[in-house]
Amino acid sequence: AEGGTPYRTVGQVRMAWGNAQEATSVLAAANYLWARNATVEEAGLQPLEALPESVLAALPPGLPPIGASPDAIVRWPDGSVEPFEAKNHAPFATCRAPQPCFEVRDPGPYDGVAVWHVPQLYLHMLCLGEACSSALFLSCSATKGANLFRLRRDTQLQGLVLKFVARFADRHGAGQPPPPPEHFWGCREYASLLEGLSRASREAVELVAHIPHAEIQRGPEAPLFL
């Protein structure tokens, strides 16, 4: 559009869409969760160091400073707490034409939690402490509604993730050389880490709800193109 940002790649367009739609997704989840007696709080940085010393002492040694910034924090009447993370999937793709252009192509929300999102959710759960045993993940499409999932926390897998975080910080943290390609392939337990993350995305995830497009509050005149 005239006067707008010139997006030249699909990646740039998708990033812009995700930023613009985050508040809409949080509102959709807040409406659903509030109706089920949950409190949805705005979340800033949740530093790991704010947890009790007894919790920190049980973590692997050598961890770098860690913090998490979920999109919201959900509190339930029984005292449990869950981080909330939203992913907004842009309905744009490169069109098949002689001249580069974009077209609207919306496949709908994801039908699960992708394995590459699992480590992020684990760091969210870690930084919220022992009262947190699961995380909420919303996959939101542009025109076909959203799916809300819950990922259950596995302390053994969490420990394995943190071992590799500490190892990476020790070898390639501040002042250290950058890592070579596929530098963990020869490390013991790395195959177990990858399998654990993959298994979590397949077996530790449940669909909480599908939120229809009609229940997602958007401006009636909001254009799809930004």
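Is Leu 121 buried or exposed? Let's start there, and please keep in mind as we go that this is a predicted model. Leu 121 has 0% relative accessibility, so it counts as buried. You can find Leu 121 in helix α3, which covers residues 118-127.

What does Leu 121 touch, once we leave aside its neighbours within four places in sequence? The contacts are Glu 85, Val 113, Ala 135, Phe 137 and Leu 151. Here is one pair to try with the distance tool: Leu 121 and Glu 195 are 74 residues apart in sequence, and their C-alpha atoms are 17 Å apart in space.

Now let's look at the company α3 keeps. Two packed helices are described by the angle between their axes and the distance between the axes. For α3 and helix α4, which is residues 155-172, the axes come within 11 Å and cross at roughly 105°. That crossing makes α3 roughly perpendicular to α4. On the α3 side, the residues that meet α4 are Tyr 122, Leu 123 and Leu 126, and on the α4 side we have Leu 157, Gln 158 and Leu 162. Sort the residues of this contact by class and you get 5 nonpolar, 1 polar and no charged.

Next, the sheet. It is an open sheet of 6 strands with mixed pairing, and the order is β1-β4-β5-β8-β9-β10. Which strands stand at the edges? They are β1 and β10, each with a single partner strand, so each has one side without a neighbour in the sheet. Neighbouring strands here are turned by 25° against each other on average, ignoring direction.

Let's walk through some of the pairings. Strand β5, residues 81-88, pairs with β8 in the parallel sense over 5 bridges. In that pairing Ala 86 stands opposite Leu 138 of β8. And this is where our helix comes back: α3 packs on the sheet and touches β5, β8 and β9, with its direction at about 150° to that of β5.

Moving along, β8 and β9 run antiparallel and are joined by 7 bridges. Leu 138, which we just met, has Leu 148 as its bridge partner in β9. Then β9 pairs with strand β10, residues 205-211, again antiparallel, over 6 bridges. There, Phe 149 stands opposite Leu 207 of β10. How many residues of β9 are buried? The count is 6 of 7, so β9 is largely enclosed by the rest of the structure.

A residue from helix α1 joins this part of the story too. Ser 25 is in α1, and its relative accessibility is 0%, so Ser 25 counts as buried. Not counting residues up to four places away in sequence, Ser 25 touches Phe 84, Ala 86, Asn 88, Leu 138 and Cys 140. You will recognise Ala 86 and Leu 138 from the pairing of β5 with β8. For another distance to try, Ser 25 and Cys 95 are 70 residues apart in sequence and 27 Å apart from C-alpha to C-alpha.

Let's zoom in on the turn from β8 to β9. Ser 141 sits in the loop between β8, residues 134-140, and β9, residues 146-152. With a relative accessible area of 1%, Ser 141 is buried. What does the side chain of Ser 141 reach at 3.0 Å? That is the backbone nitrogen of Lys 144. A polar atom of the Ser 141 side chain also lies 2.7 Å from the backbone oxygen of Gly 145. Further along the sequence, past four places, Ser 141 is in contact with His 89, Asp 106, Gly 108, Pro 109 and Arg 218. The hairpin itself has 5 residues between its strands, and Gly 145 takes a positive phi near 85° in it.

That brings me to backbone angles. Most residues other than glycine have a negative phi. Asn 37 is not a glycine, yet its phi is positive, about 70°. You'll find Asn 37 in the loop between α1 and β1, and at 60% relative accessibility it counts as exposed. Glu 182 also has a positive phi, near 50°. Its place is the loop between α4 and α5, and Glu 182 counts as exposed because its relative accessibility is 62%.

To finish, let's go back to where we began: Leu 121 is buried, and its helix packs on the sheet. Thanks for listening!

Technical notes. Residues are numbered from 1 along each chain as its sequence is written. This is a predicted model: local features need pLDDT of at least 70, side-chain atom pairs count only at pLDDT 80 or more; totals for chains, interfaces and linings use all residues. Side-chain values use heavy atoms; hydrogens and water are left out. Helices (H or I, at least four residues) and strands (E, at least two) are DSSP runs, numbered from the N terminus. Buried means under 20% relative accessible area, exposed over 50%, partly exposed in between (1.4 Å probe, protein chains only). Contact means heavy atoms within 4.5 Å. Axes are lines fitted to C-alpha atoms, for helices over the stretch in contact, and angles run from 0 to 180 degrees between N-to-C directions. Angles under 35 degrees count as roughly parallel, over 145 as roughly antiparallel, 65 to 115 as roughly perpendicular and the rest as oblique. Ala, Val, Leu, Ile, Met, Phe, Trp, Tyr, Cys and Pro count as nonpolar, Asp, Glu, Lys and Arg as charged, and the others, Gly among them, as polar. A polar contact is a pair of N or O atoms within 3.5 Å; within protein, one must be able to donate a hydrogen and the other to accept it, and residues adjacent in sequence count only if both atoms are side-chain atoms. Two strands pair if DSSP finds at least two bridges between them.
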